[in-house]
Amino acid sequence: MGLALAEEYCAGDYEVVATVRTPSPALEQLHERFPSSLQIKSADTTDPDSIACLKDEFQESEFDTLFVNAGICIARDNTPIDVAESDFVALMLTNALSPMRVVETFRDRVSPRGVIAVMSSEIGSIQMNKGKWEMYSASKAALNMLIKCFAARHEGDTRALLLVAAGWVRTEMGGEEATLSIEESIPNVVKSVEAQAGKAGLRFIDRRGKTVPW
Ligand SMILES: NC(=O)c1ccc[n+]([C@@H]2O[C@H](COP(=O)([O-])OP(=O)(O)OC[C@H]3O[C@@H](n4cnc5c(N)ncnc54)[C@H](OP(=O)(O)O)[C@@H]3O)[C@@H](O)[C@H]2O)c1
């Protein structure tokens, strides 16, 4: 979905900085299509030094949108009794703590009327999840709590702060049985995120901009 986000923003005439932790031939191809509007940088969201270096590269820049998309889904079928602790820690580190560290690091690089968006999930909603992928869902619920506390610490911030639920999408993570294609999700996600610019405060929204219950 990160690749599709980059493509959608490039097609919308944005100047885009897309990050990868491992080289992506598909992103390189996108760069060939949009050589002047797409920059590719390297960053691992779980490595605070790599995020700090990335920030240093953009000392003079102000972003309209910061979209933190990276995430993992492992131990899908495990429960608290049998999950490997290392898997649980990796989920929490990658899906909850690290996205928020990126947000904390880049917050002051986002324009005052800009948008900070983080990819959450419908199944990170306590109300909506009826028991699916519990280890992964717990990490997204933890992300939701961390961003809520971040918003409370920055009360009065003029930026829009968004948790985004893109739907169940056919990606490597979502799998073939997912209900939506990337094309059915991501263009709508981008429209919904764009529509939030200039609207201060924290919201949990789906791909159509509708409120998702916490
Ligand atoms: N697909 C769905 O149905 C669905 C639904 C709701 C929410 N989401 C969320 O949407 C986001 C994107 O999911 P997806 O379906 O596109 O998953 P995906 O196909 O597995 O892609 C995940 C991407 O995140 C990158 N990534 C993982 N850990 C990283 C790290 N530490 N630093 C930098 N990059 C990292 C991966 O890089 P590598 O290629 O190097 O591994 C990969 O490019 C995730 O946050 C996911 O939880 C997905």
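These are short questions and answers about one predicted model.

Author: This is a predicted model: local features need pLDDT of at least 70, side-chain atom pairs count only at pLDDT 80 or more, and totals for chains, interfaces and linings use all residues. Residues are numbered from 1 along each chain as its sequence is written, and side-chain values use heavy atoms, with hydrogens and water left out.

Reader: What makes a stretch a helix or a strand here, and how many of each are there?
Author: Both are DSSP runs, numbered from the N terminus: H or I of at least four residues for helices, E of at least two for strands. The protein has 6 helices and 6 strands. Along the sequence they follow α-β-α-β-α-β-α-β-α-β-α-β.

Reader: Why is the protein called as compact as a globular protein of its length?
Author: The globule rule is 2.2 Å times the number of residues to the power 0.38, and the radius of gyration is taken over C-alpha atoms. For 214 residues the rule gives 17 Å, and the radius of gyration is 17 Å, so the description holds.

Reader: Why are H1 and H2 called roughly parallel?
Author: Angles run from 0 to 180 degrees between N-to-C directions, with axes fitted to C-alpha atoms, for helices over the stretch in contact. Under 35 degrees counts as roughly parallel, over 145 as roughly antiparallel, 65 to 115 as roughly perpendicular and the rest as oblique. Helix H1 (residues 2-11) and helix H2 (residues 25-33) pack at about 5°, with axes 10 Å apart. H1 and H2 are therefore roughly parallel.

Reader: Which residues of H1 and H2 meet?
Author: Contact means heavy atoms within 4.5 Å. Leu-3, Ala-6 and Glu-7 of H1 meet Ala-26, Leu-27, Leu-30 and Arg-33 of H2.

Reader: What makes E3 and E6 edge strands?
Author: Two strands pair if DSSP finds at least two bridges between them. The open sheet has the order E3-E4-E5-E6, with parallel pairing. Strand E3 (63-68) and strand E6 (201-206) each pair on one side only.

Reader: How do you know that E5 and E6 pair?
Author: Strand E5 (residues 160-165) is joined to E6 by 6 bridges. One of the residues involved is Leu-163, whose bridge partner in E6 is Phe-204.

Reader: Is Asp-13 buried or exposed, and what about Ala-75?
Author: Buried means under 20% relative accessible area, exposed over 50%, partly exposed in between (1.4 Å probe, protein chains only). Asp-13 has 74%, so Asp-13 counts as exposed. Ala-75 has 13%, so Ala-75 is buried. Asp-13 sits in the loop between H1 and strand E1 (16-20), and Ala-75 in the loop between E3 and helix H4 (85-106).
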